[in-house]
Amino acid sequence: MKTVLVIDDDKIIRDYYEALIGMLFPVNVLTADDGDTGIKIMEEHPEVDLIILDLQIKRMSGWELYPRLKKIKNDVRAIVASAYIYDDVEKKLKEMGVDAILRKPFYPTGFGDIVRNLLEL
């Protein structure tokens, strides 16, 4: 079974992702409310296949966190979701190797298509 790690400091958003992913796919969903917890979960759960990451989170920005997560598991797929995605931000994220970029708010169907493709479901 595939595993998704959601890292967002907003509990409502974490719960939304967890419910949406759970309705759409037979996958395990883990959540973290900050970068330190996200790193700990990645270290404890090498089976994580996909990370969904907000750029603006507590204690450590998504900019700092993403490379650290990739060091733990280089082949993990990643979606960055943020309300603050502009052309220059999108370009930099693509250069960093992020697999998909979502501008919040987004439609569940488009989100589901991206998750399905990245998890190869």
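Where is Arg59 found? Keep that one in mind; we'll select it after a look at the whole chain. One caution before you click: this is a predicted model.

**Start with everything on screen**

Show the whole protein as a cartoon. You should be able to pick out five helices and five strands. Trace them along the sequence and the pattern reads β-α-β-α-β-α-β-α-β-α. The radius of gyration is 13 Å, close to the 14 Å that the globule rule gives for 121 residues, so the protein is as compact as a globular protein of that length. Along the principal axes, the C-alpha atoms fill a box of roughly 35 × 30 × 25 Å.

Now colour by burial. Of the 121 residues, 45% count as buried. If you draw contacts with a separation of 6 or more, 66% of them come from residues 24 or more positions apart.

**Select Arg59**

Back to the opening question: Arg59 is found in the loop between strand E3 (50-53) and H3. Check its backbone, since phi is positive, at about 70°, although Arg59 is not a glycine. With a relative accessible area of 65%, Arg59 is exposed.

**Add Asp34**

Which residues does Asp34 touch, leaving out those up to four places away in sequence? Arg59 is one of them, and the others are Ile7, Ile57 and Lys58. To find Asp34 itself, go to the loop between strand E2 (28-32) and helix H2 (35-44). Is Asp34 buried or exposed? Its relative accessibility is 2%, and the cut-off for buried is under 20%, so Asp34 counts as buried. Arg59, on the other side of this contact, is exposed.

**Show H1 and H5 together**

Hide the rest and keep helix H1 (residues 11-24) and helix H5 (residues 108-119). Two packed helices are described by the angle between their axes and the distance between the axes. Here the axes come within 11 Å and cross at roughly 70°. That makes H1 roughly perpendicular to H5. The crossing of H1 past H5 is right-handed.

Turn on side chains to see who meets whom:

- From H1, select Tyr16, Tyr17, Leu20, Ile21 and Leu24.
- From H5, select Pro108, Phe111 and Gly112.

By class, this contact has seven nonpolar residues, one polar residue and no charged ones.

**Follow the chain on either side of H5**

Bring the rest back and step to Pro105, in the loop between strand E5 (100-103) and H5. Look at the peptide bond leading into Pro105 from Lys104: it is cis, with omega near -5°.

Then move to the segment after H5, where you'll find Glu120. Phi of Glu120 is near 55°, a positive value in a residue other than glycine. Glu120 is exposed, with a relative accessible area of 66%.

**Last stop: Lys71**

Select Lys71, which sits in helix H3 (residues 62-72). Its relative accessibility is 75%, so Lys71 counts as exposed. To finish, draw a C-alpha to C-alpha distance from Lys71 to Gly112: the two are 26 Å apart in space and 41 residues apart in sequence. You met Gly112 earlier, among the H5 residues that meet H1.

Methods. Residues are numbered from 1 along each chain as its sequence is written. This is a predicted model: local features need pLDDT of at least 70, side-chain atom pairs count only at pLDDT 80 or more; totals for chains, interfaces and linings use all residues. Side-chain values use heavy atoms; hydrogens and water are left out. Axes are lines fitted to C-alpha atoms, for helices over the stretch in contact, and angles run from 0 to 180 degrees between N-to-C directions. Helices (H or I, at least four residues) and strands (E, at least two) are DSSP runs, numbered from the N terminus. Angles under 35 degrees count as roughly parallel, over 145 as roughly antiparallel, 65 to 115 as roughly perpendicular and the rest as oblique. A crossing is left-handed if the near helix is turned anticlockwise from the far one by less than a right angle, and right-handed if clockwise. Contact means heavy atoms within 4.5 Å. Ala, Val, Leu, Ile, Met, Phe, Trp, Tyr, Cys and Pro count as nonpolar, Asp, Glu, Lys and Arg as charged, and the others, Gly among them, as polar. Buried means under 20% relative accessible area, exposed over 50%, partly exposed in between (1.4 Å probe, protein chains only). The radius of gyration is taken over C-alpha atoms; the globule rule is 2.2 Å times the number of residues to the power 0.38.
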